[in-house]
Amino acid sequence: MLEAKNIFKSFNNGNVRVLKDVCLDIAEGDFTVILGASGSGKSTLMSIISGLERPDSGTVTYNGIQLTALKDKELTDFRRKYVGFIFQQYYLLPHLSVENNVRLGADLAGNRNYKNIIKSVGLEDKCKNRPFELSGGEQQRVCIARALAKQPKILFLDEPTGALDEQTGRSVLDYIVKLKNLEGFTMVMVTHNQNIAEMADTVVKMNSGGITEVYKNSSIKSAYEIGW
Amino acid sequence: MVISLKDGAKLISVSVICFCAVFVCTFMLNFYLDLSSISGISDGKILAVYNAQLSTAKITSALAGGFLGLIAVLMTFFYIKIYIDSHSKQLGILKALGYGNFRLAIHFWVFGLSVFIGCIAGYAGGFIAMPYVYEGLAVNGIPAVEINFHWQLLLGLVFAPPFAFLFISFGYAAIALKRNLGDLLGAKVLSQKIKPVSKSYKERSFLADMCIKTISSKKLIVFFVAFSCFCYSAMVQMGFSMKTMNASLMGVFILLIGLVLAFTCMIMSVTSLINANRKNVAIMKTFGYKPAEYAVAVFAGYTPFALLGFAIGTVYQYGLLKLMVNLIFADVGEMPVYKFDVALFFITLLTFIALYAITVFLFSIRLLKVSVKEVMI
């Protein structure tokens, strides 16, 4: 479904090599965790396979569409049609209500059912509030609702629990996985937290810009069973 | 030091406005002082023209100095606020280390420098233009007015304004810095005042709401956009109307000043708008919004205010010219005829629409350059 081949990426005019010959396959409906320490290149890899950034060389293909060959306009269309994002720092629009932050995603997909999504993340009574009136966990739930309201085929998550406490983090993870199982979309999560990897179908370990190990979990744990 | 000389130099639009104000005031007040030293006019008709010229010089100086001075003050406040907002973390750290509001505010004196640059350039420009102005304002029957140097003008137009702005900048910065430390450092949730949900809350599409909220979060930009369009409308029409009143040279000055003010304010407004919306545009891009959609979200809401500014400018220039003709030339026998020029109005409107559209289009291209990586950092 999503295939990355021989990806190279460097910054500072080639002085800092971030990704070195990375190859990766992600199956449809899979929950893949890209695991690595800070500076391992995991976030850069996610930017490239999600169409946010271009590699120096190598190809990324999604269901036969070669992302690396697309022009900027076509990449925008690709993200519009297929991709959802959840970020560690939420990136909600501060002056807009919860409802309109969710509509940022919903309007793109012509999704009029966005209120049900707000309800499903438990924020139906906070529709009219603005992000700064919410707790960190609630803001992350708005971020989830915004991404899901777009009805993505593939959801990318960059350290979604990085800014949350244990209890909130667990409930957010639990919620995301339940929705993923219900909706059936593909999910790629970047994290440095080894414990979260126990929840994934597939784990991709990264170190110093390369993939060191890829394995499938024989038993998948829930958010409340993993360590923190 | 938190604020460098480079930061002060960024207030180029304040310099331009001060230049325009001092430029006009220099030659008009100099003319007023030189003209008022002439005595011995006994002919009643000539005396009326003499008085009319004194009034013109006084009114023009008061309008240019007062109005543009006020705009420069507002613009300085605007820049200081933007500076504090964009450097809130550094300022917060300094406050946390024990620096007081006044100690930090003192550094904002740098912003007075841009006023000094504008004033000195305007004063020099005014002196260069002075012989032509004196020639243009010469009237048969009144003795030739000689150009004299007036030290009080140098003091009042070049040295006094920067000092005034130095204190204004310091005072405003001291007030603006009176923010909660947590707010400055970004621990927003606990420190921000939570306003109750508005009863008039309406469901709108994301883009419509984004348009409205972009405006309501940056109200001063609304003012500057409207002011820019006001300047274009009023001063272009007034500049050309001066020709029919046998004051072509003044017309050229008014036209040039109007264009400079309009473009300076518009560029400052649009640049501030883009900077304030970089993150919002980046997140919209990430989600797959197209360039036309985020350009609409950022700029479209300002169009009604631009048109409003243009309309007020038209009414203002008509009213002002009518008033000046009636007041200044009331005692002069040959009162110039002034009528609203419909053709000129439509030409100005059409050029305004074209220039506004081109400006928005050109700055929309800058939105394209906003990197989606800004949200990933």
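Here are some worked exercises on the two chains of this predicted model.

A little housekeeping before we start. Residues count from 1 along each chain as its sequence is written, and chains are lettered from A in the order in which they are written, with ligands numbered from 1 likewise. Since the model is predicted, local features need pLDDT of at least 70 and side-chain atom pairs count only at pLDDT 80 or more, while totals for chains, interfaces and linings use all residues.

**Exercise 1. Work out the strand order of the open sheet of 4 strands in chain A, and say which strands stand at the edges.**

Step 1: get the vocabulary straight. Helices (H or I, at least four residues) and strands (E, at least two) are DSSP runs, numbered from the N terminus. Two strands pair if DSSP finds at least two bridges between them.

Step 2: read off the order. It goes E2-E1-E4-E5 in chain A, with antiparallel pairing.

Step 3: find the edges. Strand E2 (16-26) and strand E5 (65-66) of chain A each have a single partner strand, so one side of each is left without a neighbour in the sheet.

Step 4: zoom in on one pair. Strand E1 (residues 2-11) and strand E4 (residues 57-62) of chain A run antiparallel and are joined by 5 bridges. Phe8(A) sits opposite Ser57(A) in E4(A).

Step 5: add the helix. Helix H1 (residues 42-49) of chain A lies across E1, E2 and E4 of chain A, at about 125 degrees to E1(A). That angle is taken between N-to-C directions, on a scale from 0 to 180 degrees, using lines fitted to C-alpha atoms (for helices, over the stretch in contact).

**Exercise 2. Place strand E3 of chain A in its sheet, and decide whether its residues are buried or exposed.**

Step 1: the sheet. This open sheet has 6 strands in the order E6-E7-E8-E3-E9-E10 (chain A), and its pairing is mixed. Strand E6 (83-87) and strand E10 (210-216) of chain A are at the edges with a single partner strand each, so one side of each lacks a neighbour in the sheet. On average, neighbouring strands here are turned by 15 degrees against each other, direction ignored.

Step 2: the partners. E3(A) runs parallel to strand E8 (residues 186-191) of chain A, with 5 bridges between them; Leu35(A) stands opposite Thr191(A) there. E3(A) also runs parallel to strand E9 (residues 202-207) of chain A, again over 5 bridges, and Val33(A) faces Val203(A) in that pairing.

Step 3: the antiparallel part. E9(A) and E10(A) pair in the antiparallel sense over 6 bridges, and Met206(A) has Ile211(A) in E10(A) as its bridge partner.

Step 4: burial. A residue is buried if 20 or more other C-beta atoms lie within 10 Å of its own, exposed if 12 or fewer, and partly exposed in between, with C-beta atoms placed from the backbone. For E3 (residues 31-36) of chain A, 6 of the 6 residues are buried, so the strand is largely enclosed by the rest of the structure. Both faces are covered: Phe31(A), Val33(A) and Leu35(A) on one side, Thr32(A), Ile34(A) and Gly36(A) on the other.

**Exercise 3. Compare the settings of Asp21(A) and Tyr91(A), which both have a positive phi.**

Step 1: the background. Most residues other than glycine have a negative phi.

Step 2: Asp21(A). Its phi is near 55 degrees, and it lies in strand E2 of chain A. Asp21(A) counts as partly exposed because it has 13 C-beta neighbours inside 10 Å.

Step 3: Tyr91(A). Here phi is about 50 degrees, and the residue lies in the loop between E6 and helix H3 (98-109) of chain A. With 22 C-beta neighbours inside 10 Å, Tyr91(A) counts as buried.

**Exercise 4. Describe chain B and the side of it that touches chain A.**

Step 1: the make-up. Chain B has 16 helices and 0 strands, and 38% of its 377 residues count as buried.

Step 2: one helix. In helix H11 (residues 219-244) of chain B, 20 of the 26 residues are buried.

Step 3: the interface. Contact means C-beta atoms, placed from the backbone, within 7 Å. By that rule, 22 residues of chain B are in contact with 25 residues of chain A. H10(B) gives the most to this side of chain B, with 5 residues.

Methods: Two residues are in contact if their C-beta atoms, placed from the backbone, lie within 7 Å.
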